[in-house]
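Let's take a walk through this model together, beginning at one residue and working outwards. Keep the 3D view open as you read.

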Amino acid sequence: MGKYVVNSSIRNIGYQVGTQAGVHRYLMDEPTTARGTDAGPNPVQYLIGAVNGCLTITAQSVAKKYKIRLEKFDIRSVGNVAKHEDGTSEVDEIVVNITFKADINGKAKDDFIAETLAKCTVHKTLEAGVKFTFNFEQE
């Protein structure tokens, strides 16, 4: 792993922010109801997407390590933003619903889930300040 460099710049259109991470470019914005132009996901949606992406990549890595045939790993997450009296806000809870299909059960399934959660860098970074609820469904 190591260091990651991400550059972001204001675009002066609504609340648009152009961002570049390595060779990848993406756009952040706010919805029109928040005076944005809705040209891209907002930063909280990117944060939740980072959780989903990291969990999925980690699950694939764990499955490969143990030669688990992981046919499906779908995530739907819902983040709650708490608004405070002083006008600030924070993501205080993320509910993560994971549906997966793999050739494991019992202790192997429990170990797969535990290792995936333990090795997910984004989840590990956020878990001290954000309440996570995980729901797993195996097909």
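His123 is in contact with Leu117, Phe132 and Phe134, once its neighbours within four places in sequence are left aside. You will find His123 in helix H3, which covers residues 121-126. Is this residue buried or exposed? His123 counts as buried because its relative accessibility is 7%, and the cut-off for buried is under 20%. Please bear in mind that this is a predicted model, so the values here are all computed from predicted coordinates.

**The overall picture**

Stepping back, the protein has three helices and six strands. Along the sequence they follow the order β-β-β-α-β-β-α-α-β. A box of roughly 50 × 40 × 25 Å along the principal axes holds the C-alpha atoms. The protein has 139 residues, and 29% of them are buried. Among contacts with a separation of 6 or more, 44% are between residues 24 or more positions apart.

The accessible surface amounts to about 9,300 Å², and carbon and sulfur atoms supply 52% of that area. As for charge, the protein carries 17 positive and 17 negative charges, and the mean positions of these two sets lie 8 Å apart.

**Strands E4, E5 and E6**

Strand E5 is a good place to look next. How many bridges join E4 to E5, and in which sense do these strands run? Strand E4 (residues 70-83) and strand E5 (residues 89-102) are antiparallel and joined by 13 bridges. One of the partnerships here is that of Lys83 with Ser89 in E5; another places Phe73 opposite Phe100 in E5. The E4 and E5 hairpin has five residues between its strands, and Gly87 in this hairpin adopts a positive phi near 95°.

Strand E5 also pairs with strand E6 (residues 131-138), this time in the parallel sense and over eight bridges. Phe100 has Gln138 as its bridge partner in E6. Phe100 therefore has a partner in each of two strands: Phe73 stands opposite Phe100 in the E4 and E5 pairing, and Gln138 partners Phe100 in E6, with strands pairing where at least two bridges are found.

**A cluster of rings**

Phe100 leads us on to the aromatic residues. The model has six aromatic pairs. One of them joins Phe73 and Phe100 in a tilted arrangement, with 6.4 Å from centre to centre and 40° between the planes. Because Phe73 lies in strand E4 and Phe100 in strand E5, this pair ties together parts that are 27 residues apart in sequence.

What arrangement do the rings of Phe100 and Phe112 take? Their centres are 5.9 Å apart and their planes meet at 45°, so this pair is tilted. It links distant parts of the chain, with Phe100 in strand E5 and Phe112 in helix H2 (residues 106-119), 12 residues apart. Together, ring pairs link Phe73, Phe100 and Phe112 into a cluster.

How accessible are the three residues of this cluster? The table sets out the values.

| Residue | Relative accessible area | Status |
|---|---|---|
| Phe73 | 12% | buried |
| Phe100 | 0% | buried |
| Phe112 | 3% | buried |

**Back towards the start of the chain**

For the last stop, find Ser9 in strand E1, which covers residues 6-10. Ser9 counts as partly exposed because its relative accessibility is 47%, and that class runs from 20% to 50%. Which residues does Ser9 touch, apart from those up to four places away in sequence? They are Gln16, Val17 and Gly18. A further separation to check in the viewer is that of Ser9 and Leu27: these residues are 18 positions apart in sequence, and their C-alpha atoms are 9.8 Å apart in space.

Methods
Residues are numbered from 1 along each chain as its sequence is written. This is a predicted model: local features need pLDDT of at least 70, side-chain atom pairs count only at pLDDT 80 or more; totals for chains, interfaces and linings use all residues. Side-chain values use heavy atoms; hydrogens and water are left out. Helices (H or I, at least four residues) and strands (E, at least two) are DSSP runs, numbered from the N terminus. Buried means under 20% relative accessible area, exposed over 50%, partly exposed in between (1.4 Å probe, protein chains only). Contact means heavy atoms within 4.5 Å. Accessible areas come from the Shrake-Rupley method with a 1.4 Å probe; for residues, only the protein chains shown count as cover. Lys and Arg count as positive and Asp and Glu as negative; His and the chain ends are not counted. The place of a charge is taken as NZ of Lys, CZ of Arg, CG of Asp or CD of Glu. Rings of Phe, Tyr and Trp (its six-membered ring) pair if their centres lie within 6.5 Å; planes under 30 degrees apart count as stacked, over 60 as edge-to-face and the rest as tilted.
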